[in-house]
Amino acid sequence: LKKEKKINLNLKKIIIKKPKSNFLLIFSSIIFSFLVFFIVKLQKKINLKKNFSGITLLDTYLDTKIDVKDFVFSNLMKNLKPKQKNEIIFVPNFLFNKNIFSLYRNIKTLSLKNYLFKEHYITLNEFLGSIKYNLFGHTQFKGKNFKNFDKLNISPLLLKELASKTNFYSELQSRLKLKFILNLSTSNIKIKKVICRFENQSVDRAWNYGFKKYFPFLETLGYQDFLYYPHLSNQSPTKYESRAKIIPEKIIVTGKTVKKNRVEFNKNQKIVIGPSLNKQNIFSNSRCKSSHKFVLALCGIKPLDELMISWIYFVLKTNKKLKVIIKPHPILPLNKIENFRYEYLSDQIIINNMDIARLLKLTEVLITSGPTSVMYESIMYGCKLFYLFLDPYDLILKKKIKISKKIFIFINDKTDLLKNLNNHLKEKHVKKNFKAVEDYYTKINKKNIKLFY
């Protein structure tokens, strides 16, 4: 970014604003974690010692608001044989859920399947001790001066971040995960390999560090079912993280176009290509007739979604003939987007919560921005993409993306968006199969599915 003339990164001083109170976030994190802990303790622990050949542990993320929804490995089990299924055990991370009854019901259901709960291996004292450390552990760094970054003293910034507890829930779950792995190491359970969904966040780092420390000869893998987004540089680990033993031995990516990006900061990082477990519909050659002219797909990042909404409002107010379908992101409901109003321009806006794969088959022109998988998926389904320039990292994306600029169009501002929408209102984009699909996504086959067991 420093090389970009449009961006000024000549920082001389860091000004730190007074952080907002995170009391409610901390309180709700503790209460939810307590609920999960006690509900799990009421369930019977899975018997793993009967599996003499060894198991594979998969760290996954579950939404239990209504039914159980696995965001990572939802299509894995249907592609395995019965013997292979018995070798796989899931270790769930639960997303926040205010519905206590559905949480209890779903945990009880999962306890009868091949799920191992870390809470079964953690005592109440260890649980309470983790909360205490999370609340007060940062005080040990008070007054500490860290190494300067680019001639800047960033110590005040780091100390404020440690004290803010903005990511209290992730911090707590990471600490509990380390306790779980330590206690698991004394249980005489035979483990062949461990796999996490590797976004290089704190819970992923705790998983990798714990298994590398307490199971030093175990194979550790990180599954990345997402492609290249320069906005999320943390997804490409560094050599310093490798030395700290917080990243997996191998990273599984789903397309060869990503391999170069994943070794950007560490040339020695091992990369293997695996299947796109949740994107197999992309390989279908069937193309529906485009019935949706313009679709705006939000990315789930609040500031970017608010900007996209403001751009859409501008073009719709300017040209009353334009109509746009809005596809909300699953993690950010529309009522959480402050500048969105249902009643505003209601005759020009339609809200559509259809499954994204089905929606893209019906879409002619997709509008989006930010690090979202729909950016690539829309191209695979033959859509024309209008990508809105909203973030400095979009400059890097524009330079590195290898997709034809005829179908991947960067939109510079609101006026540019209006111009392109007006032009395509009169034109018809003929959808064609994207020829290089397998450079981005990989079909499941007998060889690559073995990575998971």
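**Exercise 1. Name the residues linked with R197 in a network of salt bridges.**

Solution. Start with the rule: a salt bridge is a side-chain nitrogen of Lys or Arg within 4 Å of a carboxyl oxygen of Asp or Glu. R197 is linked with E199 and D225 in such a network. By this rule the count comes to 16 salt bridges.

The model is predicted: local features need pLDDT of at least 70, side-chain atom pairs count only at pLDDT 80 or more, and totals for chains, interfaces and linings use all residues. Numbering runs from 1 along each chain as its sequence is written, and side-chain values use heavy atoms, without hydrogens and water.

**Exercise 2. Locate the partners E219 and K250, and classify their exposure.**

Solution. Step one: the N to O distance of this salt bridge is 3.7 Å. Step two: E219 lies in strand β5 (residues 219–223) and K250 in strand β6 (residues 250–253), so the pair ties together parts 31 residues apart in sequence. Strands are DSSP runs (E, at least two residues), as are helices (H or I, at least four), numbered from the N terminus. Step three: E219 is partly exposed at 25% relative accessibility, and K250 is partly exposed at 25%. The cut-offs are under 20% for buried, over 50% for exposed, and partly exposed in between (1.4 Å probe, protein chains only).

**Exercise 3. Is E364 buried or exposed? Classify its partner K428 too.**

Solution. First, E364 and K428 form a salt bridge at 3.3 Å, N to O. E364 sits in strand β11 (residues 363–368) and K428 in the segment after α14, 64 residues apart. Then classify: E364 is buried, because its relative accessible area is 2%. K428 is exposed, at 53%.
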